[in-house]
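Reader: I would like to learn how to read charged pairs and paired strands in a protein model. Could you take me through them slowly?

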Amino acid sequence: MYRPLPDVITIGKSGIDGLGVVATKDLKKDVVLGIVHIRNESFTHGYIRTALGAFYNHNDNPNCVVLDGYWHQIPVKYLVTSKNIKKNDELTAKYSLYTIKEESEDLLKNAMEANAARTEISSKYNTKWIPNAKNIFSS
């Protein structure tokens, strides 16, 4: 059965603002909780927010971090615990939509420049460009 969240977390009342992500069990440091954003330039700030990403709240003293990674060669951001967390604690991370937007604009600019160069080379030598993507989670 599909579950939008792992069974170790749920959406509950937040002490910060409205609703938030809450631990249903004690969690150790360095637990990958799931994907919070999926890279897609068609969306505001260059990311699609997942169910998990919609509910975790900002905190200047967070118990989680948001890390860049890949899922099936697609750039994503993961929510990962940065310290031990007790059952019923709210999970938070330090973030700013402005940072995401700036990173998004830089990545888009670089991608557009790289695509233009690939197109020019492909046209000049009558070849097709095949991406050489690497999944950092594969062994």
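Author: What follows is a short conversation about salt bridges, burial and strand pairing.

Author: This is a predicted model, in which local features need pLDDT of at least 70 and side-chain atom pairs count only at pLDDT 80 or more, while totals for chains, interfaces and linings use all residues. Residues are numbered from 1 along each chain as its sequence is written, and side-chain values use heavy atoms, with hydrogens and water left out.

Reader: How many salt bridges are there by the rule?

Author: Side chains of opposite charge can pair when their charged atoms come close. The rule asks for a side-chain nitrogen of Lys or Arg within 4 Å of a carboxyl oxygen of Asp or Glu, and by it the count comes to three salt bridges. In one of them, Asp7 pairs with Lys25, with the closest N and O atoms 3.9 Å apart. This pair links distant parts of the chain, since Asp7 lies in the segment before strand 1 (9-13) and Lys25 in the loop between strand 2 and strand 3 (32-39), 18 residues apart. Strands here are DSSP runs (E, at least two residues), numbered from the N terminus.

Reader: Which residue forms a salt bridge with Glu41?

Author: The partner is Arg39, and the closest N and O atoms are 2.3 Å apart. Burial is judged by relative accessible area: under 20% is buried, over 50% is exposed, and partly exposed lies in between (1.4 Å probe, protein chains only). Arg39 counts as buried because its relative accessibility is 15%, whereas Glu41 is partly exposed, with a relative accessible area of 34%.

Reader: Is Lys77 buried or exposed?

Author: Lys77 has 7% relative accessibility, so this residue counts as buried. Lys77 is placed in strand 7 (residues 74-81) and forms a salt bridge with Asp68, the closest N and O atoms being 2.6 Å apart. Asp68, by contrast, is exposed, because its relative accessible area is 57%.

Reader: Which strands are joined to strand 8 by bridges?

Author: Two strands pair if DSSP finds at least two bridges between them. Strand 2 (residues 19-23) is joined to strand 8 by two bridges, and these strands run antiparallel; here Val22 stands opposite Glu90. Strand 5 (residues 57-58) is also joined to strand 8 by two bridges, but this pair runs parallel, with Asn57 and Thr92 as bridge partners.

Reader: Which residues of strand 8 lie on each side?

Author: In strand 8 (residues 90-93), Glu90 and Thr92 are on one side and Leu91 and Ala93 on the other, and all are buried, leaving both faces covered.

Note on methods: Helices (H or I, at least four residues) and strands (E, at least two) are DSSP runs, numbered from the N terminus.
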